[in-house]
Number of protein chains: 2
Amino acid sequence: MTTNISMEVILCIVIAIAVLALLYAFNLFQAVRRENAGTKRMRALSSYIHEGAMAFLTREYRVVLIFGLIVIMLLAGLGFIPSLRGIDGVGINGAICFLFGTLFSGLAGFVGMQAATNANAKVAQAAREGGMPSALHVAFNGGSVLGISVVGFGLLGLASLFLIFTFVLGDPRQAVPVVAGYSLGCSFIALFARVGGGIYTKAADVGADLVGKVEAGIPEDDPRNPAVIADNVGDNVGDIAGMGSDLCESYVGAIVSSISLGLTVTLSGVDYSIQAAIFPFAVAGVGIIAAILAQLFVRMKRWEQPQKALNIATYVATGIVVVSGFVLSTMFFGDFKPFLCITTGLIVGILLGQIAEYYTSDSYPKVKEIASESQTGHATNIIAGFSTGMESTLLTVLVLVIGIVLSYMFFGMYGIGLGAVGMLSTCGITVSVDAYGPIADNAGGIAEMSHLDPHVREITDHLDSVGNTTAAIGKGFCIGSAAFTALAMIVAFANAASLESISLLQPGVLVAVLFGAMLPYFFTALTIRSVGKAANHMINEVRRQFKEDPGILEGTTKPDYAGCVDISTRAALKEMIVPGCIAIVSPIAVGILLGCQGLGGMLMGALVSAIMLAVFMANSGGAWDNAKKFIESGQFGGKGSDAHKAAVTGDTVGDPFKDTAGPAMDILIKLMSVISLMLAPVLVQMTPILNFLFQ
Amino acid sequence: MTTNISMEVILCIVIAIAVLALLYAFNLFQAVRRENAGTKRMRALSSYIHEGAMAFLTREYRVVLIFGLIVIMLLAGLGFIPSLRGIDGVGINGAICFLFGTLFSGLAGFVGMQAATNANAKVAQAAREGGMPSALHVAFNGGSVLGISVVGFGLLGLASLFLIFTFVLGDPRQAVPVVAGYSLGCSFIALFARVGGGIYTKAADVGADLVGKVEAGIPEDDPRNPAVIADNVGDNVGDIAGMGSDLCESYVGAIVSSISLGLTVTLSGVDYSIQAAIFPFAVAGVGIIAAILAQLFVRMKRWEQPQKALNIATYVATGIVVVSGFVLSTMFFGDFKPFLCITTGLIVGILLGQIAEYYTSDSYPKVKEIASESQTGHATNIIAGFSTGMESTLLTVLVLVIGIVLSYMFFGMYGIGLGAVGMLSTCGITVSVDAYGPIADNAGGIAEMSHLDPHVREITDHLDSVGNTTAAIGKGFCIGSAAFTALAMIVAFANAASLESISLLQPGVLVAVLFGAMLPYFFTALTIRSVGKAANHMINEVRRQFKEDPGILEGTTKPDYAGCVDISTRAALKEMIVPGCIAIVSPIAVGILLGCQGLGGMLMGALVSAIMLAVFMANSGGAWDNAKKFIESGQFGGKGSDAHKAAVTGDTVGDPFKDTAGPAMDILIKLMSVISLMLAPVLVQMTPILNFLFQ
């Protein structure tokens, strides 16, 4: 193929696919809007949740605006420093890309939240009218709006900017560091959505449970609980906007680092750099088509078993990517090695999800063991969950290691980038499946609060329990894809900094690795503590409302839902500032002190440490959660037994693990990596302050 | 100085110091033996504990014998492989050194245990007769037997073997890999003593508490509890033999790696290799003298405040080492840089202890916070302790990093080795202070079980509470010294393997780092689970005894103490096989698969991951423990309150953290490092199986 024209053609096709995907998402959204939202009470509850979620988003985006402007000014300002002129990544161009990154990732989250909070009551209503198949249909449609939006917006922005800046700067090599700014923008949104959202959701959850269930003795999802709406909003904030922005960041980051690594690719001495740079776009484009086709495939039938429908959606999308990956691979390279990398990534992603399921589902022995250990008390429950999470790192790391080895064996460092792109190519469907969970969860809450027929609650409960499984699988996938993406990004960073090696025998690297490995621990300490603090605010507010207006508990007055939503929102955004600043300042400070080699060491130390903690916390948390549910299903004494009390302790400990601190790890490593990638050209011009550590 | 003769002279002086130290320890031991052991009942209880401890040691050493013989045959056998002939580290010589390492380290533990289990009743009796000063005197003497034995035996064996093999092989350069076998022998004993002992002590503790305190409702240290002797034995097994062998391993390892690094030292172009190789011995020798002088200093006075006496002992020893370190430094090198490295190590050691104290003592806010969080239940107690431990990694890592940077700045890689030697030079007094704690604890137990006057219990309680502080400080010191030693050893390994770099940009290094970072997690999962299993055996045995002989609870029949001791012993030794094999097999397997570069990566990954986990677990565990004690002192409702129940949960979770899994991290990283150091010359002769990962 003659490179230059084809590159533009392919990018245009990819852009067209992204636009079509967004139109499809819009169409889905309209379909969700047209559904019947049920009784007046259901509509009212849904609108409370909707308003709460939008209140959070608005407030969040306002904070993003302030901090984003600072970043934009910094990026643009760096371009005016004489010695940095001509460095493509910083300056006005980088700032523009950053702006679009925040805009598009923010838009994807906004649209997804609109759809999700619009769909919840309609899922409950569909369950009333048409049973399981209808309810699944609406819930999956709602989730798919986020899924398709994430990949649509993510790819649209990236491909357009890459095309434009290749044209403007005249060389794709110069365009890469510029579009890295787009990736930084996505990371930036993810930081707020995932970390802030994680604090929000657990503060509301813990607050609602502690005062409502434990102190006032009212059931979960009881409309008399002032924090109940905040709790439902939290599901959307954490698991819709947070999860979507997390995977959007991985998705964009994987493509950016692959392009960057691809631009040095040769095959048997022939320059294949342009093909290698475009190939990730092509795979992503095919992935979007695959996601839409899988979505349509599921819509064609009426499913009684939601798990089966969701599995089939994933398999269909994966199958399409594998087959077309083979075609694209031979078309672009006349070689099937890139196809093997893509497939490796896909398989790693699926395996990571299954390992997570093994350790967190009560169909397997680990969760049963934790449930059984709950019989001897709180401490043995905690210890069992703790060691289960720690144990789960073994298989996870082995799969990651084998994936890295194979990808590298097939196509060197570029292969690792392709592995990440492959894993994330089905992101459209993964996010859709993942986002369906919180919608079903909300639907259940609305059904409960609206006193709907028990069989409606049965359907939503079943949808929700499937959602728990998909959430666990999704978490494994998020961590794995973040690890692969961050890894590819660190390699791209080393390329950008022209590093020959990052040797652990250099004392500067060594101390940086140590420091980097510590960051995830400190970050975890901060986020977990933030949940506690925010939950305390919430507890005080609920207590205050109960005390000042006894009518609330009697059911005669409506509690002040908005007050609780407001407290969660404020606390979440306030509490995420410090961890956020650490994530941003650390790579800059280490880069200045220890230079690019040291920074590379810090990133790698943080990466391995964050992977372990993320896997451990996600799986411990998931296992505790399901051990509790297992006991509630009537095992070991069932609800109210001592074993159940111990299991509730584990579940409460696990909540901030799996929904706040664990997912925050994904953001931490990706954000630090992309900042480093952007900074690399600046740092290579400077002499590190502690340069004597590299002699 | 003319190198060759002086080297022998200095080594002879060091050997003489070590012998004198052992004579001093023998003298101390005799002094302890001459003390009055009190009433018949006290003597009987002491002898139960003594017999139980010896039963564990005998059984442990039998297992050590079997596994040790395998290692000896392997080491010796490798020497017969033609291509490996002429490699000094393996073969008969290495096997001999290994044998002496196990013997001397084993002897130190044995003597220390004899003294400690002999001293316990005498401390109680001394408290009856002479009050606090007498009790402190006996307890500190008992602890000092271990402290002085550890450094005496450790240094005696190492210096003698180094002298002999330098003479036999004609070159100190060839002697270093051989005496690394001595270090391996010490590591081997430490593995059994620390990991096995850690499982033993917590299995007995949890077993005794759960059935005794919770089910049967009898107080702690009640002689009717069949597991009470096993519990007291456990304190000796874990905190005397385990801690002693841990620090013995660090002590020997630090010297070995410094010699190894020293043999390439030049100053302004002049070869200073012999001086650099002998200097660590000289510092160690001075350290022993300092420890003995500090010991004598404390013995001179009658102390009413034990904490003050122990602090002064540490300061005196540190002061002596600093002053004589300056003299030695100028004498050996005509330069004060080595002195600066030594001092850096000493200060880092002290700071790490103080950080540990800050996070685990109820004089500081963190523990109070955990206690306060216990008021809202088990889960908030766990979360608060968890985040406290995680937070403590920040300061710990910063101190370590600054220590490494300074040591390197002063004297390159050799400086890092000297930092480790400096930190460990006062090991004699650190171990003495540390070992005093469990003796005081046992004395309290015997006082309680013998129904002595409450004022005796008051004295032993005060001694014990000081012991808790010294234990926390000691744990911080153990981790720090293990980290510094392992680091020096990894650098020595890289030297031995002639590695120019261990680059994180090599995929082989990268996957090895990932794998290495996972090992401490998996190891922790295994050891924590082992405690659970062993504790279950113990619980069943205690229940069985209570059921079969109701006379036990009535106080009319003596329970079968030996049965419980036997169960703990068997379980501990059985449960440590798998983690032990992982620690031994991992470096060998990775070395064969990925070669020396990969192995270096694995060691570094394991090192950083293990440091974080060790610090986190030790400080979480210590903080939970003292939060419970803080509540028991009457805060937040005191004993029996809901806050107390929650705090007991935290304490129980923390027990295997701080006393089993945490300390096991020290062993894991040192053992893997020393195995790698021994293997390096063998591995460099082989092509790694996955060699393509380094191209």
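**Exercise 1. Classify A:C564 and B:C341 by burial, and state their disulfide status where it is known.**

Solution. A:C564 has a relative accessible area of 0% and is therefore buried, where buried means under 20% relative accessible area, exposed over 50% and partly exposed in between (1.4 Å probe, protein chains only). B:C341 also counts as buried, at 0% relative accessibility. Next, take a disulfide as a pair of cysteine sulfur atoms within 2.5 Å. B:C341 is in no disulfide, since the nearest cysteine sulfur, that of B:C427, is 19 Å away. Over all chains the structure holds zero disulfides.

This is a predicted model, in which local features need pLDDT of at least 70 and side-chain atom pairs count only at pLDDT 80 or more, while totals for chains, interfaces and linings use all residues. Residues are numbered from 1 along each chain as its sequence is written, chains are lettered from A and ligands numbered from 1 in the order in which they are written, and side-chain values use heavy atoms, with hydrogens and water left out.

**Exercise 2. Describe the interface of chain A and chain B by contacts, area and composition.**

Solution. Start with contact, meaning heavy atoms within 4.5 Å: 64 residues of chain A are in contact with 64 residues of chain B. The two chains bury about 6100 Å² between them, 82% of it on carbon and sulfur atoms; buried area is the accessible area (1.4 Å probe) that two parts lose on being put together, summed over both.

Then count polar contacts, pairs of N or O atoms within 3.5 Å; within protein, one must be able to donate a hydrogen and the other to accept it, and residues adjacent in sequence count only if both atoms are side-chain atoms. The rule finds 10 such residue pairs across the interface, both residues at pLDDT 80 or more. On the side of chain A that touches chain B, the largest share, 20 residues, comes from helix 10 of chain A. Helices (H or I, at least four residues) are DSSP runs, numbered from the N terminus. That side divides into 45 nonpolar, 13 polar and six charged residues, with Ala, Val, Leu, Ile, Met, Phe, Trp, Tyr, Cys and Pro counted as nonpolar, Asp, Glu, Lys and Arg as charged, and the others, Gly among them, as polar.

**Exercise 3. Which residue of chain A forms a salt bridge with B:E391, and what does the pair join?**

Solution. A salt bridge is a side-chain nitrogen of Lys or Arg within 4 Å of a carboxyl oxygen of Asp or Glu. The partner of B:E391 is A:R529, with the closest N and O atoms 2.6 Å apart. B:E391 lies in helix 10 (residues 378-425) of chain B and A:R529 in helix 13 of chain A, so the pair joins two chains. B:E391 is buried, with a relative accessible area of 14%. Between chain A and chain B the count is four salt bridges.

**Exercise 4. Contrast the salt bridges A:K475 to A:D659 and A:K645 to A:D642.**

Solution. In the A:K475 to A:D659 pair the closest N and O atoms are 2.9 Å apart. A:K475 lies in helix 12 and A:D659 in helix 17 of chain A, so this pair ties together parts 184 residues apart in sequence. A:K475 is buried at 16%, and A:D659 is buried at 11%.

For A:K645 and A:D642 the corresponding distance is 3.8 Å. Both lie in helix 17 of chain A, three residues apart, about one turn of the helix. A:K645 is partly exposed at 47%, whereas A:D642 is exposed at 59%.
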